[in-house]
Amino acid sequence: MALRGGKKLSISIQEHMAIDVCPGPIRPIRQISAYFPRLSPTSPGPASSPLALSPGMGGAHLLSPMLAPSRPSMGGSLSLNSSMDTSVEITSDDSDDCTALGTLEFDLRYERSSSKLHCTVLRAKGLKSMDFNGLSDPYVKLHLLPGACKANKLKTKTIRNSLNPVWNETLTYVGITEEDMHRKTLRLTVCDEDKLTHNELIGESRVPLKRVKLDQTKHFHTCLEHPPPMPSPTAMGEALRGISCYLREWENEQLHSLEERGRLLLSLQFQPPLGLEEADAGGGGGRRGGGLCVGVRRCAHLAAMDVNGFSDPYVKIYLKPDLQKKSKHKTTVMKKTLNPEFNEEFFYEISLPELAHKVLEVTVWDYDLGRSNDFIGGVCLSCHSQGDVLRHWMDCLKNQGSRVERWHILTNELPRTLGHD
């Protein structure tokens, strides 16, 4: 502490910091790359360094990214502009090329008569190596979007130690309607199988099914791409983090509500009442009154509800409102399958005007011995339905005596019928 005239010289902390630390005039902030320049390969050495010492106040020495005066040399001087150009070139070289992950060849064919979508996975070329030996163990899995889940996942065999695998394997989706062909997208994901750790994703390719013409085979040769990144709340400001979390929860709820649990092939036929002569000609054993004949044909790509990767499915049918609770019908239980075939029919004796105000509820369940059964999916058919479900119901009411078969998507929500049980 200095003394002046026998008195203490008091200095405030603000003055102390201003004297010892103030760097002087504020200069523009340089990029970090200016502190670490890239020297040209033709440069003989760091003869002209871009770092210069700027004289600071109070003996302080601060580094500033100011270029030293250019001196005549053998072209070895490097300016700031040249270093930035070099970094741009390196960035462009490091950017992902469309073939950096490899290419995938496959064929798609949709059969309208059988409602089947065939995907023939042919081969892949130039896949990215994922293992320590410089190779991969690739396989391809398919999903239908939106509504991707284990129920609609198909998978090829695994080719060991190859970057150019050849599968020539056909995977088939059953119960694909024309509406699905217009709104669905097929995602093909190439993964590397690891026995000790989790499988790694190599790349994926997405194809809108509307690009495939009916009853025609279309060949695809696509480049694998990285999956689209999910928006992260940490990359946003504080004001947007809450909104981002809310939107993510809302999107998860929407995806969960749209989850598909499989497909159901249902047959409907309204049989008009028989006259006395027709009933007598049938031997008297037939039904004289008209009614609805419901045929449960088969299910496809059901969700696995058991730990063994399968389900024990059966189908329950209600015609509601059912005040007397006599409309319940149930099929037999099929053990350990995700593609059961029932081929069972049930009859409800009812008039056509009454049927127009009814709701047909069809649900698929997984049978569990000793505990409650698991709900797999369901569908409701009535005059208040929408889409293919409504068309199926109206075709049944308009075309008396004709059998109408349609595939229906099973959702993971319990059907909300309009009547009381």
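**Helix span and aromatic pairs**

Q: How far apart are the end C-alpha atoms of helix H7?
A: Helix H7 covers residues 387–398, 12 residues in total. At 1.5 Å a residue (times one less than the number of residues), the expected span is 16 Å. The model agrees with this, since the end C-alpha atoms are separated by 17 Å.

Q: What pLDDT do local features need in this model?
A: Residues are numbered from 1 along each chain as its sequence is written, and side-chain values use heavy atoms, without hydrogens or water. The model is predicted: totals for chains, interfaces and linings use all residues, side-chain atom pairs count only at pLDDT 80 or more, and local features need at least 70.

Q: Which residues of H7 are buried?
A: Buried means under 20% relative accessible area with a 1.4 Å probe, protein chains only. In H7 these residues are Asp388, Val389, His392, Trp393, Cys396 and Leu397.

Q: How many residues apart in sequence are the parts tied together by Phe106 and Phe220?
A: The two rings are stacked (centres within 6.5 Å, planes under 30 degrees apart), at 5.2 Å and 15°. Phe106 has a relative accessible area of 0%; Phe220 has 3%. Phe106 lies in strand S5 and Phe220 in strand S12 (strands are DSSP E runs of at least two residues), so the pair ties together parts separated in sequence by 114 residues.

Q: Which arrangement do the rings of Trp365 and Phe375 have?
A: Trp365 is in strand S18 and Phe375 in strand S19. Both residues are buried. Their ring centres are 5.3 Å apart and their planes stand at 70° (over 60 degrees is the cut-off), so the pair is edge-to-face.

Conventions:
Helices (H or I, at least four residues) and strands (E, at least two) are DSSP runs, numbered from the N terminus. Buried means under 20% relative accessible area, exposed over 50%, partly exposed in between (1.4 Å probe, protein chains only). Rings of Phe, Tyr and Trp (its six-membered ring) pair if their centres lie within 6.5 Å; planes under 30 degrees apart count as stacked, over 60 as edge-to-face and the rest as tilted.
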